[in-house]
Amino acid sequence: MPYLIEGAIAILAVVLQVVLSNAISILGAVPDLGLIYLVWTVIRRGQLAGEIVGFCIGLLLDILSSGSLGSHSLSFAIVGFLLGYFYNEEETEQRIRNWPFLLFVAVGAFLNGIIYYMLFKLASGVGVVDYFLGQAGLAAIYTTIIAVIPMLWSSRRPLY
């Protein structure tokens, strides 16, 4: 049952991100709600779950956003894999409830931007500085600011 609820939350996050992208964008940058859920999953479940959830969220995002199929799924799976190296079962609740969650989200967003640039934007002739100052950097900051909401929500629950 918890996996169904978590799956519904992941689908809801991606659908909200795609549907509300024009309404919540700032200077063309949209917060990556799927990435926030991916980081939450990596902290709670570990590396393998992060890879699987990252691929599924990315694939759903690719299908709904009419982007190139596989671009987000590959970059999210790699981000889930890399962030999974820092999984620690004993510190799970403390990481979700405090600033490490925001740090993981920021690192994940920048990693996602780097991977997405190297795999899909490099050949298009977009400069790395222009890409990170214009779109990826602002989106990473925006995603980290939005990640304060689930962090505060989880920190108000009792720790037992």
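This report walks through the overall build of a predicted model and then looks at one of its helices, α3.

## Overall fold

The chain is helical through and through as far as its elements go: nine helices and zero strands. Reading from the N terminus, you just get α-α-α-α-α-α-α-α-α. The radius of gyration is 15 Å, close to the 15 Å from the globule rule for 160 residues, so the chain is as compact as a globular protein of that length. Put a box around the C-alpha atoms along the principal axes and you need roughly 50 × 30 × 25 Å.

As for contacts, take those between residues at least 6 apart in sequence: 68% of them join residues at least 24 apart.

## Surface and charge

Of the 160 residues, 40% count as buried. The accessible surface comes to about 8900 Å², and carbon and sulfur atoms account for 71% of that.

On the charge side, the chain has 7 positive and 9 negative charges, and the mean positions of the two sets sit 8 Å apart.

## A look at α3

Helix α3 covers residues 33-45, which makes 13 residues. From first C-alpha to last, α3 reaches 18 Å, close to the 18 Å expected at 1.5 Å a residue.

How many of the residues of α3 are buried? The count is 10 of 13, leaving the helix mostly covered. Leu 33, Gly 34, Leu 35, Ile 36, Tyr 37, Leu 38 and Val 39 are among the buried ones, and Thr 41, Val 42 and Ile 43 are buried too. Right after α3 comes Gly 46, with a positive phi near 110°.

Notes: Residues are numbered from 1 along each chain as its sequence is written. This is a predicted model: local features need pLDDT of at least 70, side-chain atom pairs count only at pLDDT 80 or more; totals for chains, interfaces and linings use all residues. Side-chain values use heavy atoms; hydrogens and water are left out. Helices (H or I, at least four residues) and strands (E, at least two) are DSSP runs, numbered from the N terminus. The radius of gyration is taken over C-alpha atoms; the globule rule is 2.2 Å times the number of residues to the power 0.38. Buried means under 20% relative accessible area, exposed over 50%, partly exposed in between (1.4 Å probe, protein chains only). Contact means heavy atoms within 4.5 Å. Accessible areas come from the Shrake-Rupley method with a 1.4 Å probe; for residues, only the protein chains shown count as cover. Lys and Arg count as positive and Asp and Glu as negative; His and the chain ends are not counted. The place of a charge is taken as NZ of Lys, CZ of Arg, CG of Asp or CD of Glu. The expected span of a helix is 1.5 Å times one less than its number of residues.
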